[in-house]
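Trainee: Got a minute to go through this one with me? I'd like to start with the overall layout and then pick at a few residues.

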Amino acid sequence: MTLREMATQVDIREALPDGNLSSMNREWNTDCPWCGKSGHFYVNLQSKLFFCQRCKEKGGVMRLLTRVGRLDLVPDTYIDRNRVQARLEIVGQKEDQLADVTMHYVHRPVGWKRINKNKYLDEYRRFTAKDYEVYEVGESDFVPQLQNRIAFAIEPDGDRIGAYIGRWAAKVTPPGKLRYWNPYGFDFGRLLYGFEGVQADTEAVILVEGVFDKIAVDRCLGLQDQSRLVCLATFGNRVTRLQIRRLLDAGINRVYLVYDHDAVREIKHTACELNRYFTVEVNHTSGKDPDECTPAELIAVFDRLQSPETYYRNALIPLKIK
Ligand SMILES: [Zn+2]
């Protein structure tokens with residue numbers, strides 16, 4: 001059952017305070033479950049897309065039902081009943097049990113210039129004009145650590161961003177220099193590269209380790225011009241509880257976990273953790289990182305996705321050969 005089909009079957013009025021029909025009986029107008037303002041919240045009774053005129057929260061039926069703790073209204077054919085309790089528990093946890101998940105946006109670093117060409121990206125990463133449009137890459141002459149580096153904007157939102165990450169702008173990183181530079185003061189455990197692409201119609205996400213892995217998967221599976229399936233990078237081979245909670249808050253139901261071949265142990269751990277909340281399928285790349293795979297190799301990885309149970313039994317942890 002797709003998200004759209006499921007949305008039409010839910011009687012959303014059961015989950016919301018009393019209200020009024022509006023827009024020729026196409027919408028339900030009631031109090032906002034986010035800001036509490038009365039009469040400023042509108043839900044389309046067919047699509048279940050919602051919008052608050054005051055706090056501007058918007059989204060789809062899974063996000064709304066998660067917020068009001070009524071995932072029991074979702075049909076069993078869409079959501080696994082066994083996961084509902086775990087989902088509502090982690091989302092309902094108070095701030096003293098789990099850090100605040102509110103995003104803290106910041107200004108782009110001083111001197112930020114968005115770029116649309118770069119020797120390293122063009123030659124080694126085959127960046128196209130379209131890629132520069134989709135993935136914001138910048139430079140700054142004023143941030144010392146960004147000398148000879150390019151920077152990827154993380155979760156850009158208008159004139160602000162969630163964070164940025166610097167990458168040495170050449171295939172070979174000189175000795176003594178870091179290939180990636182994470183600026184201080186950002187909590188990468190709360191961020192997900194690509195999360196701005198998650199929309200009301202997003203049913204599933206693919207989780208990969210790094211920025212270039214996401215870009216490779218987007219291109220290979222043709223994900224750039226749609227939002228039903230969104231690829232996100234977790235900045236390493238772990239998923240934090242904060243990241244899980246953000247995915248649940250957004251109404252995500254299904255997760256495909258594809259980490260690098262050398263992270264089998266971490267994949268097993270992460271897949272089991274994700275499996276408590278989401279329908280999960282998992283695999284690792286064979287012998288190469290996702291961004292080094294050919295499109296055919298990457299598609300083969302997705303063709304062989306497995307349940308966490310099967311993966312846990314069958315995937316071999318590579319021996320470290322000294
Ligand atoms: Zn509101």
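Mentor: We'll take the domains, then a contact between two of them, then some single residues. Keep in mind that this is a predicted model.

Trainee: Fine. Which domains does the assignment give for the chain?

Mentor: Domain 1 covers 3–79, domain 2 covers 106–181 and domain 3 covers 195–321.

Trainee: What distance separates the centres of domain 1 and domain 3?

Mentor: 29 Å, taken over C-alpha atoms.

Trainee: And how many residues does each give to the contact?

Mentor: Nine residues come from domain 1 and eight residues from domain 3.

Trainee: On the domain 1 side, which elements give two or more residues?

Mentor: Strand β5 (58–59) and helix α2 (61–67). The most comes from α2, which gives three residues.

Trainee: What's the chemistry of that side, in nonpolar, polar and charged residues?

Mentor: On the side of domain 1 that touches domain 3, four residues are nonpolar, three are polar and two are charged.

Trainee: New topic. Where is Gly138 found?

Mentor: In strand β8, residues 137–139.

Trainee: Is Gly138 buried or partly exposed, and why?

Mentor: Partly exposed, because 19 other C-beta atoms lie within 10 Å, and buried would need 20 or more.

Trainee: What does Gly138 contact, leaving aside neighbours within four places in sequence?

Mentor: Arg108, Trp112, Lys113, Arg114, Ile115, Ala151 and Ala153.

Trainee: And how are Gly138 and Ile150 placed?

Mentor: They are 12 residues apart along the chain, and their C-alpha atoms are separated by 6.0 Å.

Trainee: Backbone angles next. What's unusual to flag about phi of Lys48?

Mentor: Phi of Lys48 is positive, near 65 degrees, and the residue is not a glycine. Lys48 sits in the loop between β3 (41–44) and β4 (50–52).

Trainee: Is Lys48 buried or exposed?

Mentor: Lys48 counts as buried, because it has 26 C-beta neighbours inside 10 Å.

Trainee: What about phi of Asn148?

Mentor: Asn148 also has a positive phi, about 65 degrees, without being a glycine. Its place is the loop between β8 and β9 (149–154).

Trainee: So how does Asn148 count, buried or partly exposed?

Mentor: Partly exposed, because Asn148 has 14 C-beta neighbours inside 10 Å. To put the two loop residues side by side: Lys48 is buried, whereas Asn148 is partly exposed.

Conventions. Residues numbered from 1 in each chain as written. Predicted model: local features only at pLDDT ≥ 70, side-chain atom pairs only at ≥ 80, totals over all residues. Domains from an automatic or database assignment. Contact = placed C-beta atoms within 7 Å. Helix = DSSP H or I, 4+ residues; strand = E, 2+ residues; numbered from the N terminus. Nonpolar A, V, L, I, M, F, W, Y, C, P; charged D, E, K, R; others polar. Buried ≥ 20, exposed ≤ 12 C-beta atoms within 10 Å, placed from the backbone.
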